[in-house]
Amino acid sequence: MSAPMQLQGLQVHAAGKPLLGPLDLSLQPGQCLGLVGESGSGKSLTVLSLLGLLPPGLRAQGQLHFDGRTMALGSREHRALRGRAIAWMPQDPQASLHPLRTVGGQLIESLRALRGLDAAGARREAIALFETLQLPDPPQLLDRHPHQLSGGQRQRVLLALALAGAPKLLLADEPTSALDPRLARESLDMIDRLRRELGLAVLLVSHDLPLVAAYAQHVAILQRGALVEHGEAAAVFAQPRHAYTRELLAAEHLPAPAPMTPGPRLLRIESLGVHYPRAPAPSLQEASLELHRGECLALVGESGSGKSTLGRALLRLAGRGARGRILLDGEDLLQAGPGRLRQLRRRIGVVFQDPYASLDPRMRVGDLVGEPLRIHGLGDAAQRRTRAAALLEAVGLDPDFVARNPHQLSGGQRQRVAIARALATEPDLLVCDEAVSALDAHHRAGILALLARLKRERGLALLFITHDFAAARALAERTAVIAGGRIVACGPTGEVLPGEARVG
């Protein structure tokens with residue numbers, strides 16, 4: 001058989017309503033197929049169908065030709081492939097690894113279950129896997145918990161878990177969305193080496209088109225559950241035939257921010273340092289920045305560099321480990337008492353990285369947006385509902401969304417709800433902590449355009465914390481680079497982050 005995997009006629013239905021397909025895909029040994037599309041296009045449904053892990057209420061139809069055998073999706077024979085012949089590398093290692101168990105304990109358990117090894121043999125194989133994945137000091141690393149590892153190390157532990165069953169097909173589901181550019185390249189370099197050395201077939205699900213172009217030999221483009229383009233990656237990206245593919249590629253080319261004259265200074269950070277209890281070294285040292293009204297300052301750096309720590313300190317969420325001064329219109333946030341701090345926090349809005357995690361799934365959108373107003377005692381229930389509808393309209397959503405729940409929205413819509421909530425108290429400063437890193441190119445471009453418009457129309461000051469250099473160049477007039485807990489560069493974005501070539 002020429003292909004280890006041929007997926008034929010995949011269709012997914014919910015209560016008789018078609019969600020995906022019919023979809024045909026083929027993967028050769030040692031080949032990487034990139035699966036691309038915006039949120040809701042069907043990428044995750046494809047992966048879950050291949051794993052036989054669709055949630056209740058969804059039903060998959062189709063056939064899988066694998067390793068010389070033909071089987072129906074969802075059959076016992078198909079499910080027996082999961083974890084062994086077909087392995088899954090999920091998106092978020094922080095959420096996927098058990099926080100109370102050592103990484104070695106989790107890997108050894110998988111090796112014993114999948115390969116029938118005894119405890120000693122599983123430990124030897126775990127050490128060998130860590131060595132193959134170039135993790136430091138494998139015997140000691142086995143005894144560490146996930147929180148004691150860096151983001152890149154956790155990602156490699158997930159890859160080791162996926163390899164525990166010696167698979168022939170690896171489903172890499174957005175494996176780099178939470179990583180900075182250097183760690184993303186290192187992670188995919190590792191997967192690419194395994195693909196070549198082991199003859200591993202890889203289905204790479206991603207919304208990062210440049211990475212797909214760099215690592216995938218073939219690409220499949222999904223739109224609303226339908227396959228709209230399929231072929232060699234170089235040819236598809238060089239001369240896309242479908243309008244939707246051209247739209248995705250165009251979304252990668254982000255325009256530079258319009259020239260602006262900064263307003264009065266709003267925020268000044270002086271010699272800020274953060275040293276968490278029991279940490280061996282400070283997470284932030286002698287950081288000094290300033291931000292003006294109507295201006296965006298991007299704070300960029302690798303994972304662990306200290307950029308999120310600075311954001312937490314600004315929000316007074318760093319505990320007692322913060323020192324220095326954070327002046328908001330001349331008033332030191334670090335010295336404010338509880339009552340005054342509550343008042344000052346009304347002037348600062350925050351948008352977090354993952355709208356799936358930051359929005360309570362049990363609350364309706366109108367209640368989520370109006371929650372800051374309720375917390376600060378602003379208006380009655382009817383007034384909060386009216387204000388929520390107006391805020392949704394301001395961020396480009398239909399006011400009728402007030403009656404919906406988060407699960408009924410796309411990723412981009414959820415992030416717009418999060419922005420509307422952050423604007424509820426009419427803040428002067430908006431802190432965006434990796435606000436677009438979990439979004440596909442189309443939604444990322446939309447959110448960046450929205451933030452630029454709000455900044456311009458409302459005179460907002462934006463602190464844009466990111467590892468996405470392209471997003472920083474598109475939104476920020478100035479950029480500060482942080483490394484090892486120190487600000488190592490700060491200036492006009494065009495000088496600090498020179499432009500680079502993009503796919504397409």
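Strands β1, residues 5–14, and β2, residues 17–27, pair in the antiparallel sense over seven bridges. This is a predicted model, and I shall speak of it as such throughout. Within that pairing, Leu-7 stands opposite Leu-25 in β2. The hairpin of β1 and β2 has two residues between the strands, and there Ala-15 takes a positive phi near 50 degrees.

Strand β1 also pairs with β4, residues 58–66: eight bridges join these two strands, which run antiparallel. Here Gln-8 has Gln-63 in β4 as its bridge partner.

I turn now to a pair of helices. Helix α4 covers residues 103–115 and helix α5 covers residues 119–132; their axes come within 9 Å and cross at roughly 115 degrees. The crossing of α4 past α5 is right-handed. On the α4 side, the residues in contact are Val-103, Leu-107, Ile-108, Leu-111, Arg-112 and Arg-115. They meet Ala-119, Ala-122, Arg-123, Glu-125, Ala-126, Leu-129 and Phe-130 in α5. Sorted by class, this contact has nine nonpolar and four charged residues, with no polar ones.

Next, the sheet later in the chain. Four strands form an open sheet, in the order β12-β11-β14-β15, with antiparallel pairing. Its edge strands are β12, residues 284–292, and β15, residues 331–332, each of which pairs on one side only. Helix α12, residues 307–314, packs on this sheet and touches β11, β12 and β14. The direction of α12 makes about 115 degrees with that of β11. Within the sheet, six bridges connect β11, residues 265–274, with β14, residues 322–328, in the antiparallel sense. As one example of register, Gly-273 stands opposite Arg-323 in β14.

Finally, the internal space. How many cavities of 30 Å³ or more does the model hold? The count comes to one, and about 50 Å³ of space lies in the largest cavity. Its lining consists of Cys-32, Leu-188, Ile-191, Asp-192, Arg-195, Val-202, Leu-204 and Tyr-215. Two elements, α8 (181–198) and β8 (201–205), give two or more residues to that lining. Of the elements, α8 gives the most, with four residues. By class, the lining has six nonpolar residues, two charged residues and no polar ones. The charged residues of the lining are Asp-192 and Arg-195.

Key: Residues numbered from 1 in each chain as written. Predicted model: local features only at pLDDT ≥ 70, side-chain atom pairs only at ≥ 80, totals over all residues. Heavy atoms only, no water. Pairing = 2+ DSSP bridges. Contact = heavy atoms within 4.5 Å. Axes fitted to C-alpha atoms, helices over the stretch in contact; angles between N-to-C directions. Left-handed = near helix turned anticlockwise from the far one by under 90°. Nonpolar A, V, L, I, M, F, W, Y, C, P; charged D, E, K, R; others polar. 1 Å grid on protein atoms, 1.4 Å probe; cavity = no way out; pocket = protein on both sides within 12 Å on 5 of 7 lines; lining within 4 Å. Points joined across faces, edges and corners; volume = space filled by probe spheres on them.
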